[in-house]
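Please work through the following exercises with the sequence and the model at hand. Each task is followed by a solution in steps.

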Amino acid sequence: MAKGSVLLLMSGGVDSSVAGALLQQEGYDLVGVTMKLLEGEPSMDASGGCCSYGGARDAKRVAASLGIPHYTVNTAREFHERVIAPFIGDYAAGLTPNPCVRCNSFVRFEEAFAMARERGCEYAATGHYARIDRDENGVPRLRRAVCREKDQSYFLYGVRAEFLPKILFPLGGLTKEQVREKARAMGLVTAEKPESQDICFTLGRSYNEFLSRHIKNEEGPILDLAGNELGKHKGVTHYTVGQRSGLGLSGGPFYVCEIRPQRNEIVVGRREDLAVREVWAGSPRWHHAPVVGEAVLAQLRSRHAPAPARIAAISPERFAVEFEEPQYGAAPGQALVLCSGEWILG
């Protein structure tokens with residue numbers, strides 16, 4: 001007897017392919033779905049993960065090899081409204097957004113469970129490197145992957161807590177090489193398919209090339225903290241707080257400390273000028289809300305090692321953490337993700 005029916009989100013890459021094969025081995029009935037996130041078709045030289053050329057084609061090939069139905073569903077309108085448009089708007093406002101966080105929070109899993117209901121599926125599954133386990137109270141909680149190098153829990157904190165009992169992450173206990181080995185052993189056509197680290201909807205272009213089609217960039221002054229002009233910048237969307245490279249200034253190293261889009265100015269300083277102990281964040285999504293004074297690990301961006309901190313303030317609209325040690329490169333617009341040990345709090 002089948003363990004249950006699963007809607008499997010298939011990007012056409014090796015991770016979702018192996019996730020499907022493992023779930024099938026465990027006894028689940030699968031329905032494969034690929035989300036079409038962009039209008040039109042990408043060219044053959046376009047890269048970018050789930051938006052790349054051939055993604056749906058490869059997903060269909062894997063689905064055929066597994067003997068499961070596969071559907072391609074157009075979610076381009078939702079993706080543009082909830083991910084691409086805010087991405088452009090945030091950069092125009094001098095922020096540094098994370099589109100993968102927005103996609104998982106507002107598009108991928110929202111659409112997945114809507115499709116699961118339509119198709120009578122009990123669960124939704126992806127190839128993310130993360131885990132959902134039950135805590136000491138038996139409550140399903142988001143947990144970091146065993147392989148820290150591939151852990152994607154940072155990008156998943158915004159998935160609604162009520163979805164967690166019905167999400168399956170088969171790769172949470174594996175390394176990337178173990179996934180490759182399983183794909184080879186299973187004879188999956190995606191076994192050697194390279195992965196992309198690019199923002200998917202830029203289709204292999206740099207994010208600046210993408211933004212240049214939507215935002216008019218103009219040269220402007222680079223100032224030091226005292227207001228002295230040190231040079232010229234290429235346009236504010238080319239920079240993020242904490243950036244060191246590409247400034248073209250003598251006498252460095254300098255780091256971007258502030259972006260002022262209204263004045264078209266970039267402010268730079270030394271590394272020590274980036275140091276912060278207290279960070280505020282808004283629009284929280286909690287899986288397990290902490291309280292003032294609680295010790296947590298706080299992660300400022302996807303490649304930032306979670307650092308010890310305490311909750312300094314919290315309300316329904318925003319919260320603050322105070323780090324034990326100064327942190328560098330807290331860029332407005334990024335996600336501040338809190339965890340307790342391996343458990344994601346929100």
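The exercises below treat cysteines, nonpolar cores, salt bridges and strand pairing in turn.

This is a predicted model, in which local features need pLDDT of at least 70 and side-chain atom pairs count only at pLDDT 80 or more, while totals for chains, interfaces and linings use all residues. Residues are numbered from 1 along each chain as its sequence is written, and side-chain values use heavy atoms, with hydrogens and water left out.

**Exercise 1. Cysteines**

Determine how many disulfides the structure holds, and state whether C147 and C339 are buried or exposed.

Step 1. A disulfide is taken as a pair of cysteine sulfur atoms within 2.5 Å. In general, such a bond is covalent and joins the sulfur atoms of two cysteines.

Step 2. The count for this structure is zero. C147 takes part in no disulfide, and its nearest cysteine sulfur, that of C339, lies 16 Å away. C339 is likewise in no disulfide, with the sulfur of C147 as its nearest at 16 Å.

Step 3. Buried means under 20% relative accessible area, exposed over 50%, and partly exposed in between (1.4 Å probe, protein chains only). C147 has 9% relative accessibility and therefore counts as buried. C339, at 0%, is buried as well.

**Exercise 2. Nonpolar cores**

Identify the residues that touch the most other members of the largest nonpolar core, and the element that gives the most to this core.

Step 1. A nonpolar core is a set of buried Ala, Val, Leu, Ile, Met, Phe, Trp, Tyr and Cys residues joined through side-chain atoms within 4.5 Å. The largest core has 45 residues, and L7, F79, F109, I167 and F201 touch the most other members.

Step 2. Elements are DSSP runs numbered from the N terminus: helices (H or I) of at least four residues and strands (E) of at least two. Those giving two or more residues to this core are β1 (4-9), β2 (28-36), α3 (76-92), α4 (99-118), α6 (207-212) and β16 (337-340). The largest contribution, eight residues, comes from α4.

Step 3. With contact meaning heavy atoms within 4.5 Å, I167 touches F109, F113, A124, I132 and V159, if residues up to four places away in sequence are not counted.

Step 4. There is also a second, separate core of 27 residues, which includes M10, V62, L66 and L171.

**Exercise 3. Salt bridges**

Locate the partner of K3, and state which parts of the chain the pair links.

Step 1. Side chains of opposite charge can pair when their charged atoms come close. The criterion for a salt bridge is a side-chain nitrogen of Lys or Arg within 4 Å of a carboxyl oxygen of Asp or Glu. The whole structure yields 25 salt bridges.

Step 2. The partner of K3 is E26, with 3.9 Å between the closest N and O atoms. K3 lies in the segment before β1 and E26 in helix α1 (residues 14-26), so that the pair, 23 residues apart, links distant parts of the chain.

Step 3. Both ends are partly exposed: K3 has 46% relative accessibility, and E26 has 40%.

Step 4. Two further pairs may be examined. R119 bridges to E118 with the closest N and O atoms 3.5 Å apart; R119 is partly exposed at 31%, whereas E118 is exposed at 63%. E209 and R213 meet at 4.0 Å, N to O; E209 is partly exposed at 37%, and R213 is exposed at 55%.

Step 5. Salt bridges also link R131, D133, R143, R148 and E342 in a network.

**Exercise 4. Strand pairing**

Find which strands stand at the edges of the open four-stranded sheet, and which residue stands opposite C339.

Step 1. Two strands pair if DSSP finds at least two bridges between them. The open sheet has the order β9-β8-β11-β10, with mixed pairing.

Step 2. β9 (229-233) and β10 (255-260) are the edge strands; each has a single partner strand, so one side of each lacks a neighbour in the sheet.

Step 3. Within this sheet, β8 (residues 220-223) and β11 (residues 265-269) run parallel and are joined by two bridges. I222 stands opposite I266 in β11.

Step 4. β13 (residues 295-299) and β16 run antiparallel, with three bridges, and A298 faces L338 in β16. β16 also pairs with β17 (residues 343-344) in the antiparallel sense over two bridges. The residue opposite C339 is I344 in β17.

Step 5. The hairpin of β16 and β17 has two residues between the strands, and G341 there takes a positive phi near 65°.
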